[in-house]
Amino acid sequence: MSPDPYVPVAAVADVHPGRSRTVEIDGREIAVFNAGGAFYAIDNTCPHQGAALSEGWVEGTTVTCPWHAWCFNLTDGTMTIGAFAAVDAFDVKVADGTIFVSRTPRAS
Ligand code: FES
């Protein structure tokens, strides 16, 4: 039997708007963001030098890396300036007050 494709990671009430939380799914660190009430999940590790994107600044649906300010779209993990790097993005769903994140990244 294959594992459930979605993993419960946090209560909606525990991830306030503009905040984030780092979760681990199958040994992979994923940053879950609440951007204005909508939830997004991307790889937590910045592809530049490895900072935790969960500690970045969120404005709209963009997160800015806390170390050197690379910016990523929370919606799909692409960079907002240029296309020389990206992070994986994961589908998110909310049910019964719980945030669920896809076990596998969305196909880019
Ligand atoms: S580690 Fe993220 S921009 Fe440098």
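Visitor: How do you know that β9 and strand β10 (residues 98–102) pair?

Guide: In this structure, β9 and strand β10 (residues 98–102) are joined by four bridges in the antiparallel sense. Two strands count as paired if DSSP finds at least two bridges between them, so β9 and β10 qualify. Within this pair, A95 stands opposite T98 in β10. A strand here is a DSSP run of E with at least two residues, numbered from the N terminus.

Visitor: On what kind of model do these statements rest?

Guide: The model is predicted: local features need pLDDT of at least 70 and side-chain atom pairs count only at pLDDT 80 or more, while totals for chains, interfaces and linings use all residues. Residues are numbered from 1 along each chain as its sequence is written, and side-chain values use heavy atoms, with hydrogens and water left out.

Visitor: What makes β1 (6–11) and β9 (92–95) edge strands?

Guide: The open sheet has three strands in the order β1-β10-β9, with antiparallel pairing. β1 (6–11) and β9 (92–95) each pair on one side only, and are its edge strands. The twist from one strand to the next averages 30°, an angle taken between the N-to-C directions of lines fitted to C-alpha atoms, on a scale from 0 to 180 degrees.

Visitor: Which strands form the open sheet of four, and in what order?

Guide: The order is β2-β3-β4-β8, again with antiparallel pairing. Its edge strands are β2 (20–25) and β8 (89–90), each of which pairs on one side only. Six bridges connect β2 to strand β3 (residues 28–35) in the antiparallel sense, and V23 stands opposite I30 in β3. The hairpin of β2 and β3 has two residues between the strands, and D26 there takes a positive phi near 50°.

Visitor: Why do β4 and β8 count as a pair?

Guide: Two bridges join these antiparallel strands, and because the requirement is at least two, β4 and β8 meet it. I42 has A89 in β8 as its bridge partner.

Visitor: Why is S54 called buried or exposed?

Guide: S54 has 14% relative accessibility. Buried means under 20% relative accessible area, exposed over 50%, and partly exposed in between (1.4 Å probe, protein chains only), so S54 is buried. S54 lies in the loop between β4 (38–43) and β5 (57–59). Leaving aside residues up to four places away in sequence, S54 touches S20, T22, A31, F33 and N44, where contact means heavy atoms within 4.5 Å.

Visitor: What makes the meeting of R103 and D26 a salt bridge?

Guide: The N to O distance between the two side chains is 2.9 Å. A salt bridge requires a side-chain nitrogen of Lys or Arg within 4 Å of a carboxyl oxygen of Asp or Glu, so the pair R103 and D26 satisfies the rule. R103 belongs to the segment after β10 and D26 to the loop between β2 and β3, so this pair ties together parts 77 residues apart in sequence. R103, at 25% relative accessibility, is partly exposed, whereas D26, with a relative accessible area of 58%, is exposed.

Visitor: How many salt bridges does this rule give?

Guide: The count is four. Among them, D88 and R28 meet at 2.5 Å, N to O. D88 lies in the loop between β7 (71–73) and β8, and R28 in strand β3, so their pair ties together parts 60 residues apart in sequence. Another is formed by D91 and R106 at 2.6 Å, N to O. D91 is in the loop between β8 and β9 and R106 in the segment after β10, 15 residues apart. Salt bridges with shared partners also join R28, D43 and D88 into one network.
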